[in-house]
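Please open the structure in a viewer and keep the sequence panel at hand. The tour below proceeds by selection, with a short account of what is found at each stop.

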Amino acid sequence: MISDEDLLKAALRGDEAAFTALYRRRQGAVYRFALHMSGEGAVSEDVTQEVFIALLESGGRFDPARGTLLSFLYGIARNLLLRRFEKKRPEDSDALADELAADDDVLDDLTRRETIEAVRSAVLSLPAPYREAVVLCDLENASYEDAAAALECPVGTVRSRLSRGRAMLGQKLAVKTARSMS
Amino acid sequence: MKEEHVKEDYVLQALGALAESDRKREAPPEVEARLLVAFQTRRRSGWRWAAIVATAAGLVIALLLWPNRSPKATLSAVQPFPQVLEAPRPIREIEPTPRVARARRKLGPKVAAVRQSERREVVTDFFPLMNPAPSFGRGQMLRVQLPAAAMQTVGLPVREEHLDDLVQADVLVGEEGMPRAIRFVRFDVK
């Protein structure tokens, strides 16, 4: 199988078939990352399109020594999403306690949904830094190294965010379970 | 306290279920179509146009495949598109260009005959995509691929079994990035 890097090189030289093959191989992962981060199909479509346009525009800057092409694509998607989140509402990763406290209404709603949707909502309610780590490592099975390259942080930071993110999810899901039982 | 904290393995199990349920989710085909139009445009005209065209191509596809748009209503709206006549020279010429003609003379009549028989483009009239259309200053002609069902939406007959086939079309895009008119292309072999 031709590597992502070779497909990218060919695409940048104007090979449409290579670009199509690369897109078809990686669009699902990019789309799902955007979907789990934003919770909106339309946003995910736009982000997927913008990621691959950006790849054609600045794919020459991709450096295999710094991570895989997929982590490069995740990184572009992440930056596009963060820009959208900033426009929508400023997100304060330090205000963790506030976010958890403000989850009551969401959890009321969650008790009426299927488990999958409950988990999806819980993931979406995580602050962005924790959500990114959970989505990449637990939902997309990215390695810590790939996640670190995409998130532009050390591997240790990915591990700690992942651990914290899982703990927060556990807390949210526990509240939900307790409520549905009572 | 124990009830308040779900164990990590439960969280991982729940995340695994979510990942599995979304495993096959991917971007719809329209995204690929828009990107390919942008890719082709980039090769020809650079990135300023590619960005505009990705948006315009999306609009064309949405406009033509809009389910509420009945063929009958569209058929009555089909008129020659006067602004197209004022459009700048398209980047893809339908007729052989003088340059090609010169090359043909150099290659000799036999080779020229083979070349000529290779492909001949037959195009429909332009169908307007904006009604009423704002004045047209400058623009660009783009070659795109669309499902044949798009031809029905402008009143052109398409057999049922060919609705999903891909056909080529020229889209005239205004400098503001809006698709103004479309014509469909068929290749005939002499």
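Select A:Asn141 first: this residue follows H8(A) and has a positive phi, near 55°. The model is a predicted one, and the phi of A:Asn141 is accordingly a computed value.

**Helix H8 of chain A**

Next, select residues 128-139 of chain A, which form helix H8. Is this helix mostly covered or mostly open? H8(A) is mostly covered, with twelve of its twelve residues buried. Among them are the charged side chains to display as sticks, A:Arg131, A:Glu132 and A:Asp138. The buried residues of H8(A) also include A:Pro129, A:Tyr130, A:Val134, A:Val135 and A:Cys137.

**Helix H4 against helix H8**

Keep H8(A) selected and add helix H4, residues 69-88 of chain A. The axes of these two helices come within 12 Å and cross at roughly 150°. The crossing of H4(A) and H8(A) is right-handed. Which residues make the contact? From H4(A), select A:Tyr74, A:Arg78, A:Leu82 and A:Phe85; from H8(A), select A:Ala128, A:Arg131, A:Glu132 and A:Leu136. Coloured by class, this contact shows five nonpolar residues, three charged residues and no polar ones. A:Ala128, A:Arg131, A:Glu132 and A:Leu136 of the contact also appear among the buried residues of H8(A).

**Aromatic pairs**

Now display the aromatic rings of the whole structure; a search over all chains finds five aromatic pairs. One of them is formed by A:Phe19 and A:Phe52, an edge-to-face pair with 6.5 Å centre to centre and 75° between the planes. Where in the chain do the two partners lie? A:Phe19 belongs to helix H2 (residues 16-38) of chain A and A:Phe52 to helix H3 (residues 41-58) of chain A; the partners are 33 residues apart, so that the pair links distant parts of the chain. Both A:Phe19 and A:Phe52 are buried. Add A:Tyr23 and B:Phe39 to the selection: ring pairs link these two with A:Phe19 and A:Phe52 into a cluster.

**Chain A as a whole**

Select all of chain A. Its secondary structure comes to ten helices and zero strands. Of its 182 residues, 53% count as buried. Among contacts in chain A between residues at least 6 apart in sequence, 67% join residues at least 24 apart. The accessible surface of chain A is about 8,400 Å², and carbon and sulfur atoms account for 48% of this surface.

**Chain B as a whole**

Move to chain B. How many helices and strands are there? Chain B has eight helices and five strands. Along the sequence these follow the pattern α-α-α-α-α-α-α-β-β-β-α-β-β. Chain B has 190 residues, of which 38% are buried. For chain B contacts between residues at least 6 apart in sequence, 73% join residues at least 24 apart. The accessible surface of chain B is about 11,800 Å², with 54% belonging to carbon and sulfur atoms.

**B:Ala150**

For the last stop, select B:Ala150, which is placed in helix H8 (residues 149-153) of chain B. Why does B:Ala150 count as buried? B:Ala150 counts as buried because its relative accessible area is 0%, whereas the cut-off for buried is under 20%. Finally, draw a distance between the C-alpha atoms of B:Ala150 and B:Phe184: the two atoms are separated by 9.5 Å, and the residues are 34 apart along the chain.

Key: Residues are numbered from 1 along each chain as its sequence is written. Chains are lettered from A and ligands numbered from 1 in the order in which they are written. This is a predicted model: local features need pLDDT of at least 70, side-chain atom pairs count only at pLDDT 80 or more; totals for chains, interfaces and linings use all residues. Side-chain values use heavy atoms; hydrogens and water are left out. Rings of Phe, Tyr and Trp (its six-membered ring) pair if their centres lie within 6.5 Å; planes under 30 degrees apart count as stacked, over 60 as edge-to-face and the rest as tilted. Helices (H or I, at least four residues) and strands (E, at least two) are DSSP runs, numbered from the N terminus. Buried means under 20% relative accessible area, exposed over 50%, partly exposed in between (1.4 Å probe, protein chains only). Axes are lines fitted to C-alpha atoms, for helices over the stretch in contact, and angles run from 0 to 180 degrees between N-to-C directions. A crossing is left-handed if the near helix is turned anticlockwise from the far one by less than a right angle, and right-handed if clockwise. Contact means heavy atoms within 4.5 Å. Accessible areas come from the Shrake-Rupley method with a 1.4 Å probe; for residues, only the protein chains shown count as cover.
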